[in-house]
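This report examines the chain shown below, beginning with one residue and its contacts and then moving to the helices, the charged side chains and the backbone.

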Amino acid sequence: MTHPTSITRQAIRTPRAAAVAGIAFSALLTAAMVLVRLALPGDSDEPGDWLADGSQRNAVLLALNLLPFAGIAFLWFIGVVRDRIGEGEDRFFATVFLGSGLLFIAMLFGAGAVAGGLVLSAEDPPSPGVWSFGRRTAYTLLLVYGMRMAAVFAISTTTIATRLGLAPRWLTVLGVASGVILLLSAGFVPWIEVVFPFWVFVFSLHILIASFRDGGPVPGNKPAI
């Protein structure tokens, strides 16, 4: 039999692992988005002089190198949250929760790969047509499709947590509002994509604070996410 102390310690560690992973993801993704937004010119349908500018090009490359680590942290966040939900998860919302999260990671990596290919071709700049196609492909993958999957993830996660009584009312409102804003505004409003890492940060911070405040759930009680 497993000693009760080891069960309690595992219960304490698990939500904190989710919180740390979520905070790491939000910090990495926000940093990558800010670097790209500040480095790229407002209208970059054609390759410009910024590709030859070492500082701007290095800033974009740094952002692209942060994306894999952000994806890993987000995948860890999904796994730990799903583990905390356990048998209480609803199959419908669990499928939407997991599917939207994995699709978001896939589109994040896809957009990063396309953008990386364009930036790394600076020594042999692509033609304006190739550059425009690659830029718009990366833009569409991340901001149009990826952010809408992020919106679905936020809404489904919030719904699951609310149904299990694991999220306060203000966090429920924040999650649904963030999802609706991303669904309606992603790809149209500049900087709106930072709403998603901000929501993950707040959600993760709530998990971390709750785990320290409660000292972790005890066996037999409903665990906090």
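Which residues does Gly71 touch, not counting residues up to four places away in sequence? Gly71 touches Ile105, Leu108 and Phe109 under that exclusion, where contact means heavy atoms within 4.5 Å.

The model is predicted, so local features need pLDDT of at least 70 and side-chain atom pairs count only at pLDDT 80 or more, while totals for chains, interfaces and linings use all residues. Residues are numbered from 1 along each chain as its sequence is written, and side-chain values use heavy atoms, with hydrogens and water left out.

**Overall organisation**

The chain holds 6 helices and 0 strands; helices (H or I, at least four residues) and strands (E, at least two) are DSSP runs numbered from the N terminus. In order from the N terminus, the elements read α-α-α-α-α-α. Of the 225 residues in the chain, 44% are buried; buried means under 20% relative accessible area, exposed over 50%, and partly exposed in between (1.4 Å probe, protein chains only). Among contacts between residues at least 6 apart in sequence, 82% join residues at least 24 apart.

**Helix H2**

Gly71 belongs to helix H2, which covers residues 54–85. Gly71 is buried, because its relative accessible area is 3%. In space, the C-alpha atoms of Gly71 and Leu28 are 9.1 Å apart, although 43 residues separate the two in sequence. Arg82 also lies in helix H2, and a relative accessible area of 36% makes Arg82 partly exposed. Between Arg82 and Ala94, 12 residues apart in sequence, the C-alpha to C-alpha distance is 8.1 Å.

**Helices H4 and H5**

Helix H4 (residues 128–163) has 36 residues and should span 52 Å at 1.5 Å a residue; its end C-alpha atoms lie 51 Å apart, in agreement with that expectation. The expected span is 1.5 Å times one less than the number of residues. H4 nevertheless bends by about 35° at Gly146, the bend being the angle between axes fitted to the seven residues ending there and the seven starting there.

Ser156 is a residue of helix H4 and is buried, because its relative accessible area is 3%. Its side chain reaches the backbone oxygen of Phe153 at 3.1 Å. Leaving aside residues up to four places away in sequence, Ser156 touches Phe93, Val96, Phe97 and Ser100.

Helix H5 (residues 169–185) has 17 residues and reaches 24 Å between its first and last C-alpha atoms, close to the 24 Å expected at 1.5 Å a residue. Buried residues in H5 include Leu171, Gly175, Gly179 and Leu182.

**Charged side chains**

Arg148, in helix H4, is buried yet has no salt bridge. A salt bridge is a side-chain nitrogen of Lys or Arg within 4 Å of a carboxyl oxygen of Asp or Glu. The nearest side chain of opposite charge to Arg148 is Glu193, 10.0 Å away; Lys and Arg count as positive and Asp and Glu as negative, with His and the chain ends not counted. A polar atom of the Arg148 side chain does lie 3.1 Å from the backbone oxygen of Ala186. Excluding residues up to four places away in sequence, Arg148 touches Leu143, Leu182, Leu183, Leu184, Ala186 and Phe188.

The structure holds 1 salt bridge. In that pair, the side chains of Glu193 and Arg37 meet at 2.9 Å, N to O. The pair links distant parts of the chain, with Glu193 in the loop between H5 and helix H6 (195–214) and Arg37 in helix H1 (residues 4–39), 156 residues apart. Glu193 counts as buried because its relative accessibility is 4%, whereas Arg37 is partly exposed at 30%.

**Positive phi values**

The following residues have a positive phi.

| Residue | Place | Phi |
|---|---|---|
| Gly165 | just after H4 | about 70° |
| Gly187 | just after H5 | about 90° |
| Trp191 | loop between H5 and H6 | near 70° |

Trp191 takes this positive value as a residue other than glycine. At 36% relative accessibility, Trp191 counts as partly exposed.

Definitions and conventions. A polar contact is a pair of N or O atoms within 3.5 Å; within protein, one must be able to donate a hydrogen and the other to accept it, and residues adjacent in sequence count only if both atoms are side-chain atoms.
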